[in-house]
Amino acid sequence: MSGKQQHKENGQVKSPAKCPPGPHKHGAGDEEDSASEHSHIERMPLPENIHKRLNALKNIHIDIQKKEQEMYTKLFLLEAEQHKKLAPLLARRAEIITGKYEPSGAEVEFVLKADEDEKEELGPANELPGIPEFWLTVLASTMHTAQLINEDDHEALKYLVDVRAVYADSPLGFTLEFEFKENPFFTNTVLTRSYKFGSEVDKDELYVSSGLAPKTTEGCVINWKPGKDTSKKETTTSQVK
């Protein structure tokens with residue numbers, strides 16, 4: 001939501017990919033290069049035969065990285081397939097949060113530990129539907145997202161009713177969907193940000209990492225209502241005479 005780390009181009013919000021990269025693998029020779037920066041030991045030229053053998057090891061390393069990248073791609077596609085099975089559960093979760101469904105009976109009983117006797121002190125029931133400000137609370141309390149949300153975003157995020165992930169296999173990637181109820185900030189009902197992994201990886205990049213990482217990311221156009229853009233702050237200046 002914040003405009004601190006993004007820019008607008010052709011009416012669309014774009015920024016470098018910020019998703020955490022996949023498992024990082026160091027390439028053969030990385031430790032040597034890193035250590036040489038901090039070592040005071042004089043390095044002697046490698047014998048030509050040793051140099052050739054090291055090159056052979058690096059070629060093997062690239063082949064290993066390619067195989068591991070194939071594995072991570074298959075794992076991503078498997079995750080996408082398994083995610084489809086969660087659809088009924090995620091839909092019921094959204095219905096409870098928005099108040100479209102009222103859970104009862106065994107659904108509202110939850111004990112984490114069998115020997116847990118203490119009950120949480122509760123206030124009287126109210127007439128509010130669902131769970132107000134659920135997603136604001138989640139995003140503002142989670143380490144990975146809390147740092148991305150500023151105080152100006154909080155009011156808008158009170159209207160967030162669902163967060164979804166939609167997987168894609170061509171091109172490989174995913175889209176995050178943020179669904180909002182009618183609010184005073186923008187006219188969109190769903191805001192999206194898409195991440196694409198790309199079909200080809202440069203050799204120098206593959207050398208140091210075989211994990212999947214987004215190559216590009218693109219956000220939708222936010223149709224802000226007049227004076228409600230939370231990414232912009234009005235500033236006033238005065239001149240001292």
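**Aromatic contacts, helices and local geometry**

Ring pairs join Phe 76, Tyr 167, Phe 174, Tyr 195 and Phe 197 into a cluster. The model is a predicted one. A search of the whole structure returns 8 aromatic pairs. One of them is formed by Phe 134 and Trp 135. Their ring centres lie 5.2 Å apart, the planes meet at 85 degrees, and the geometry is edge-to-face. Phe 134 is partly exposed, at 26% relative accessible area. Trp 135 is buried, at 9%.

Phe 186 and Trp 224 form an aromatic pair as well. Here the centres are 5.6 Å apart and the planes stand at 80 degrees, so this pair is edge-to-face. Phe 186 belongs to the loop between strand 4 (172–180) and strand 5 (190–196). Trp 224 belongs to the segment after strand 6 (216–219). The pair therefore ties together parts that are 38 residues apart in sequence. Phe 186 has a relative accessible area of 1%, and is buried. Trp 224 is buried at 17%, because the cut-off for burial is under 20%.

Two rings carry a charged group over them. The charged end of Arg 92 sits over the ring of Tyr 101, 3.8 Å from the ring centre. The charged end of Lys 228 sits over the ring of Phe 185, at 5.7 Å from the centre.

The protein has 241 residues, and 23% of them count as buried. It contains 7 helices and 6 strands. Along the sequence the order is β-β-α-α-α-α-α-α-β-β-β-α-β. Among contacts with a separation of 6 or more, 62% involve residues 24 or more positions apart. The accessible surface of the protein comes to about 18400 Å². Carbon and sulfur atoms account for 54% of that surface.

Helix 2 covers residues 48–85, which is 38 residues. At 1.5 Å a residue, a span of 56 Å is expected. The end C-alpha atoms are 57 Å apart, which agrees. The buried residues of helix 2 are His 61, Ile 62, Gln 65, Gln 69, Tyr 72, Phe 76 and Ala 80. An α-helix has 3.6 residues a turn, so residues three or four places apart point the same way. The buried residues of helix 2 pack against strand 3 (160–169), strand 4 and helix 7 (203–208). One of these residues, Phe 76, is also a member of the aromatic cluster.

Helix 3 (87–98) was examined in the same manner. Its 12 residues should span 16 Å at 1.5 Å a residue. The end C-alpha atoms are 16 Å apart, in agreement. Just after helix 3, Gly 99 adopts a positive phi of about 85 degrees.

A positive phi also occurs at Glu 133, a residue other than glycine, with a value near 60 degrees. Glu 133 lies in the loop between helix 3 and helix 4. At 35% relative accessibility, Glu 133 is partly exposed.

Helix 4 spans residues 134–141 and includes Leu 136. Leu 136 is buried, with 8% relative accessibility. Beyond residues up to four places away in sequence, Leu 136 touches His 154, Leu 157 and Lys 158. Leu 136 and Leu 160 are 24 residues apart in sequence, and their C-alpha atoms are 7.1 Å apart.

Asn 150 sits in the loop between helix 5 (143–146) and helix 6 (151–157). Its relative accessibility is 16%, which means that Asn 150 counts as buried. A polar atom of the Asn 150 side chain lies 3.0 Å from the backbone nitrogen of Asp 152.

A cis peptide bond joins Ser 170 and Pro 171, with omega about -5 degrees. Pro 171 is located in the loop between strand 3 and strand 4.

Note on methods
Residues are numbered from 1 along each chain as its sequence is written. This is a predicted model: local features need pLDDT of at least 70, side-chain atom pairs count only at pLDDT 80 or more; totals for chains, interfaces and linings use all residues. Side-chain values use heavy atoms; hydrogens and water are left out. Helices (H or I, at least four residues) and strands (E, at least two) are DSSP runs, numbered from the N terminus. Buried means under 20% relative accessible area, exposed over 50%, partly exposed in between (1.4 Å probe, protein chains only). A polar contact is a pair of N or O atoms within 3.5 Å; within protein, one must be able to donate a hydrogen and the other to accept it, and residues adjacent in sequence count only if both atoms are side-chain atoms. Rings of Phe, Tyr and Trp (its six-membered ring) pair if their centres lie within 6.5 Å; planes under 30 degrees apart count as stacked, over 60 as edge-to-face and the rest as tilted. A charge sits over a ring if NZ of Lys or CZ of Arg is within 6 Å of the ring centre and within 35 degrees of the ring normal. The expected span of a helix is 1.5 Å times one less than its number of residues. Contact means heavy atoms within 4.5 Å. Accessible areas come from the Shrake-Rupley method with a 1.4 Å probe; for residues, only the protein chains shown count as cover.
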